[in-house]
Amino acid sequence: MAKTNKNKIPSTALLLGFAGLIPFITSAVASVLLDAPLKIKASFVLAAYGAVILSFLGGVKWGVALNDKLVVKQWRPLVMSVLPSIVAWFSLLLPPQFSLSVLAIAFLSQYYLDNQSVLQGTVPVWYGRLRLYLTTGAVLSLLLALVALVI
């Protein structure tokens, strides 16, 4: 029987995670290369995708909470799992530069919470590493588009 490494990111999660960065990167690059009206459109496309992914991350926290009979009865974990969706929705109501800024801060905050989950042992160690890679790609994309908008 082969010994498995519990710290190794499963290849499917790694592949799908990095594939999920494609819309971040392409929208950010488009916001740099396109002229003003299309730059704003590309920034909104980026913000909308970021909002979807941020909501997804909240759903991961909800799913983890559902696996624990004690945790699912507590308010805080469930509120923290729906908060990303609320922040994501709210960010889309803002002008593009503020939307991108809010989302960047939200992704960093979500990474902090995900890392806390790793430290508490509620998610695998590999998930924390995957979140680091993907959060870095998402935040850098959001910041690149933000810089392209304000320059």
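The exercises below go through a predicted model of a protein built from helices.

Residues are numbered from 1 along each chain as its sequence is written. The model is predicted, so local features need pLDDT of at least 70, side-chain atom pairs count only at pLDDT 80 or more, totals for chains, interfaces and linings use all residues, and side-chain values use heavy atoms, with hydrogens and water left out.

**Exercise 1. Overall build**

Task: State how many helices and strands the protein has, and give its spans.

Solution: Start with the definition: helices (H or I, at least four residues) and strands (E, at least two) are DSSP runs, numbered from the N terminus. The count comes to 6 helices and 0 strands. From the N terminus on, the order is therefore written α-α-α-α-α-α. The C-alpha trace spans about 55 × 40 × 20 Å along its principal axes. Of the 151 residues, 33% count as buried (under 20% relative accessible area, with exposed over 50% and partly exposed in between; 1.4 Å probe, protein chains only).

**Exercise 2. Helix α2**

Task: Check the span of helix α2 (residues 22–33), then find on which side its buried residues lie.

Solution: The expected span of a helix is 1.5 Å times one less than its number of residues. For the 12 residues of α2 this gives 16 Å, and the end C-alpha atoms are 16 Å apart, which agrees. The buried residues of α2 are F24, S27, A28 and S31. They cover an arc of only 100° around the axis (taken from the directions from the helix axis to the C-beta atoms), so they lie on the same side of α2. I25 is also in α2, but at 44% relative accessibility I25 counts as partly exposed. I25 and Y49 are 24 residues apart in sequence and 11 Å apart in space, C-alpha to C-alpha.

**Exercise 3. Helix pairs**

Task: Describe how α2 packs with α3, α3 with α5, and α5 with α6.

Solution: Two packed helices are described by the angle between their axes and the distance between the axes. Axes are lines fitted to C-alpha atoms, for helices over the stretch in contact, and angles run from 0 to 180 degrees between N-to-C directions. Angles under 35 degrees count as roughly parallel, over 145 as roughly antiparallel, 65 to 115 as roughly perpendicular and the rest as oblique.

- α2 and helix α3 (residues 36–66) pack at about 160°, with axes 8 Å apart. α2 is therefore roughly antiparallel to α3. Their crossing is left-handed (the near helix is turned anticlockwise from the far one by less than a right angle; clockwise would be right-handed).
- α3 and α5 pack at about 25°, with axes 10 Å apart. That makes α3 roughly parallel to α5. α3 passes α5 in a left-handed crossing.
- The axes of α5 (residues 96–120) and α6 (residues 125–150) come within 9 Å and cross at roughly 170°. α5 is therefore roughly antiparallel to α6. The crossing of α5 past α6 is left-handed. The contact residues divide into 19 nonpolar, 4 polar and 2 charged. Here Ala, Val, Leu, Ile, Met, Phe, Trp, Tyr, Cys and Pro count as nonpolar, Asp, Glu, Lys and Arg as charged, and the others, Gly among them, as polar.

**Exercise 4. Two residues of α1**

Task: Decide whether L15 and S11 count as buried or exposed.

Solution: L15 lies in helix α1 (residues 11–19). Its relative accessibility is 60%, so L15 counts as exposed. L15 and L103 are 88 residues apart in sequence and 23 Å apart in space, C-alpha to C-alpha. S11 is in helix α1 too, and at 57% relative accessibility S11 counts as exposed.
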